[in-house]
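New to this one? Take a look at the structure first, then read on for a quick tour.

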Amino acid sequence: MEEGIKNVKEDVDDVEDAFHSMFQEPSGYHRPRAPPSIALHHRSAPETGEPSILRLHLVGHHSLWAHHLWNASVALAHYFDRPGVSYEGKSVLELGAGAGLPSLILTLRGAERVLITDYPESVLLDTLRENVHENIPSERINCVKVMGFLWGSNPHTLLHDGSFDLILLSDLVFNHSQHEALLRVCHACLAPGGVVYVAFSHHRPHYQHKDREILTLAASAPFFFRVEQLFEEKMPEMFPEDPGDVEIRRTVYCFTLRGDECKG
């Protein structure tokens, strides 16, 4: 199975002309289909009365890689879950959420409005809704909404209730052809004084320069985001059979993007 994962990731950059083509299996290859699974996230310092363990449903094998709990989402969740930190009153948008872990943590930490999005496919969205209902207390459940959203479509569909203080991109940068589309969404949806969090690992170290092109693009016209590194964290290796420097592959990098403070 891991060999199949490696082959797919190597083929990705050869087919960047269409969104779904980036995730196709090699011709003639049939990997065993993993069933849906459960991942447990252990919180280091939950507030009194909050759950100490989050139980996350993951879809079965999926071409959009939603069957993994990615290191970047775990590292971002730990960052938001620091002792004594509150996000009370904040609005949150997560793109390509997968299991939605960072958004769940921000909801528990007091965020007022959380919109968790992923590709508009029922199995992905139903799994996200299941994670919300299993991990968010009933008194906070109305703070969270799950929505299908295709990168590159009109971002104003996300803005019915206003712009967002925090926008989360967790392990999305390997999708090189979508960098501009992701940044356009962030640029349109970020509230004045808001922050975009871009967390990722270089799962294919020989493409790390292409992964980081999103940061160069973010700082350039028409976006002009201010780009700063927030943290760097070593995590357990996700794909032991993959090629490339293991220290690079198991490192999560997080950068912040900040826009025009006067944006209306």
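## The big picture

What you're looking at is a predicted model. The chain contains eight helices and nine strands. There are 264 residues in the chain, and 53% of them are buried. If you take the contacts with a separation of 6 or more, 72% come from residues 24 or more positions apart.

As for the outside, the chain exposes about 11,400 Å², with carbon and sulfur atoms supplying 51% of that.

## The sheet

Now for the strands. Seven of them form an open sheet with mixed pairing, and the order is 5-4-3-6-7-9-8. Strand 5 (144-148) and strand 8 (226-234) sit at the edges with a single partner strand each, so each has one side without a neighbour in the sheet. From one strand to the next, the twist averages 20°.

Who does strand 8 pair with? Its partner is strand 9 (residues 251-258), in the antiparallel sense and over eight bridges. To spot one bridge, find Glu232: its partner in strand 9 is Tyr253.

## Helices across the strands

Helix 4 (residues 122-135) lies across strand 4 (113-118) and strand 5, and runs at about 170° to strand 5.

Helix 5 (residues 179-189) lies across strand 3 (91-95), strand 6 (164-170), strand 7 (190-200) and strand 9. Its angle to strand 7 is about 150°.

## A nonpolar patch

Ile38, Leu40 and Ile53 make a nonpolar surface patch of about 250 Å². Ile38 belongs to strand 1 (residues 37-42). Is Ile38 buried or partly exposed? Its relative accessibility is 37%, so Ile38 counts as partly exposed.

Terms used:
Residues numbered from 1 in each chain as written. Predicted model: local features only at pLDDT ≥ 70, side-chain atom pairs only at ≥ 80, totals over all residues. Heavy atoms only, no water. Patch = residues over 30% accessible without salt bridge, like charges linked within 9 Å, V, L, I, M, F, W, Y side chains within 5 Å. Areas by Shrake-Rupley, 256 points an atom, 1.4 Å probe, with all protein chains shown as cover. Salt bridge = Lys/Arg side-chain N within 4 Å of Asp/Glu carboxyl O. Helix = DSSP H or I, 4+ residues; strand = E, 2+ residues; numbered from the N terminus. Buried < 20%, exposed > 50% of the residue type's maximum accessible area, 1.4 Å probe, protein only. Contact = heavy atoms within 4.5 Å. Pairing = 2+ DSSP bridges. Axes fitted to C-alpha atoms, helices over the stretch in contact; angles between N-to-C directions.
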